[in-house]
Amino acid sequence: MRQVLPHSPDQIVFSGGGLRCFWQGGFMTELARDRTLAPARVTGVSGGALAGAAYLGGVEHHLLSEMCAAFAEQDSNLDLFHKGESGLTPHQTIYCEVVDRVLDDEVARRIAEGPQFQVLIAHPPPHLPPMISGAAMTLAYEAELHTVNAPHFGWAEKLGLDYSLVDANAAARAGKLSELVCAAAVIPPVFEPPLWDGRPVVDGGMADQAPMPEPDEGRTMILLTRAYRRLPEDANRHYLHPSDETPADKIDFTDPQKLRDTWAQGASDARRLLDGAGEK
């Protein structure tokens with residue numbers, strides 16, 4: 001499907017993809033050089049929840065800087081002596097510490113007062129411990145991703161995954177924005193499922209990698225972090241994706257240069273669309 005950049009989208013969707021979501025940061029900051037966007041609704045899932053929050057809060061460059069600084073101190077993704085309570089590796093501790101620093105009170109205020117912002121979270125089935133059932137959902141997600149190869153899923157839901165869009169504006173007003181964004185990006189067994197409203201949470205991307213807002217109205221720009229073979233045919237949906245596989249791996253927390261290169265790729269892809277592709 002040919003990628004077409006919508007001139008003035010009513011909605012923006014930030015897909016998941018872990019660290020590949022830094023492509024979205026580069027894309028949006030380059031796009032902002034040429035135009036001012038004013039979406040009525042924004043959604044994010046998994047790492048896209050953080051990318052969407054950084055976009056709405058105007059702190060994309062700050063997020064890149066903070067994450068690169070954190071990664072510069074890591075020489076391995078496996079730390080047998082990790083003393084944190086989050087998962088089997090330092091990933092969740094590092095991620096949440098960066099999120100807390102970047103999504104500060106001022107960013108929360110901007111988001112609370114900004115356009116509608118929703119974050120997709122998912123809950124594992126209750127009949128098994130969250131870490132085990134969450135890991136099972138991860139396996140179902142990976143299987144469907146590589147078999148069906150589309151951004152909208154269904155297998156994990158059939159196994160008991162429950163999911164919903166959370167009002168991130170309200171979370172920001174309640175002082176829970178960073179908690180919500182961290183809860184949106186939980187991949188068992190690497191991350192320990194936290195609680196949201198008393199229920200264990202796993203990565204919402206297992207349910208849908210490109211969740212449409214509620215209500216879903218108008219022209220939508222959907223920022224994917226990988227190319228898919230199967231995309232819905234919908235005149236109001238504009239699926240955009242990296243021109244090539246991003247340099248950043250999904251959960252490699254050891255190489256800050258990969259983040260910078262992924263950001264640069266996003267900026268380059270945005271410029272290519274701005275300069276050479278048609279618009280609608």
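How many of the eleven residues of α2 are buried, and what does that say about how this helix sits in the rest of the structure? I will come to the answer in a moment, but let me first say that what we have on the screen is a predicted model, and everything I describe should be taken as computed from that model.

Let me begin with the chain as a whole. The protein chain has 280 residues, and buried residues make up 56% of them. Its secondary structure comes to ten helices and eight strands. If we take the contacts in the chain with a separation of 6 or more, 77% of them are between residues 24 or more positions apart. As for the outside, the accessible surface comes to about 12000 Å², and 51% of this belongs to carbon and sulfur atoms.

Two pairs of residues illustrate contrasts between sequence and space. L5, in the segment before β1, which covers 11-14, is buried at 0% relative accessibility, and its C-alpha lies 8.7 Å from that of Y239, although 234 residues separate the two in sequence. S65, which belongs to helix α3, is partly exposed, with a relative accessible area of 47%, and the C-alpha atoms of S65 and V98 are 9.9 Å apart, with these positions 33 residues apart in sequence numbering.

Now back to the opening question. Eleven of the eleven residues of α2 are buried, so this helix is largely enclosed by the rest of the structure. The buried residues run from G47 and G48 through A49, L50, A51, G52, A53, A54, Y55 and L56 to G57. Just after the helix, G58 takes a positive phi of about 70°.

On the other side of α2 there is a residue that I would like to dwell on, namely S46, which lies in the loop between β2, residues 41-45, and α2. S46 has a positive phi of about 55° although it is not a glycine. As background, most residues other than glycine have a negative phi, and most peptide bonds are trans. S46 is also buried, with a relative accessible area of 3%.

It is useful to set D197 beside S46. D197 is found in the loop between β5, residues 195-196, and β6, and for D197 too the phi is positive, about 55°, although this residue is not a glycine. Buried or exposed, then, is D197? At 66% relative accessibility, D197 counts as exposed, whereas S46 is buried at 3%.

Let me turn to the cavities, of which the model has two of 30 Å³ or more. The largest has a volume of about 120 Å³. Of the 15 residues that line this cavity, the closest to its centre are C21, F22, G47, A51 and L63. The elements that give two or more residues to its lining are α1 (22-34), α2 (47-57) and α3 (60-72). Among these, α2 gives the most, with four residues. By type, the lining of the largest cavity divides into ten nonpolar residues, four polar and one charged.

The second largest cavity has a volume of about 100 Å³. Its lining consists of G18, L19, S46, G47, Y95, A185, I187, F191, K250, I251 and F253, so that we meet S46, the buried loop residue with the positive phi, once more. The lining of this second cavity divides into seven nonpolar residues, three polar and one charged.

Finally, I would like to draw attention to the loop between β6, residues 199-200, and β7, residues 220-223, which holds P215. The peptide bond from E214 to P215 is cis, with omega near 0°. Which other residue of interest lies in the loop between β6 and β7? Q209 does, and Q209 is buried, with a relative accessible area of 3%. The side chain of Q209 reaches the backbone nitrogen of G16 at 3.0 Å.

To close, the two points I would ask you to look at on the screen are α2, with eleven of its eleven residues buried, and S46, which has a positive phi of about 55° and takes part in the lining of the second largest cavity.

How values were computed:
Residues numbered from 1 in each chain as written. Predicted model: local features only at pLDDT ≥ 70, side-chain atom pairs only at ≥ 80, totals over all residues. Heavy atoms only, no water. 1 Å grid on protein atoms, 1.4 Å probe; cavity = no way out; pocket = protein on both sides within 12 Å on 5 of 7 lines; lining within 4 Å. Points joined across faces, edges and corners; volume = space filled by probe spheres on them. Nonpolar A, V, L, I, M, F, W, Y, C, P; charged D, E, K, R; others polar. Buried < 20%, exposed > 50% of the residue type's maximum accessible area, 1.4 Å probe, protein only. Polar contact = N/O pair within 3.5 Å; in protein donor to acceptor, adjacent residues only side chain to side chain. Contact = heavy atoms within 4.5 Å. Areas by Shrake-Rupley, 256 points an atom, 1.4 Å probe, with all protein chains shown as cover.
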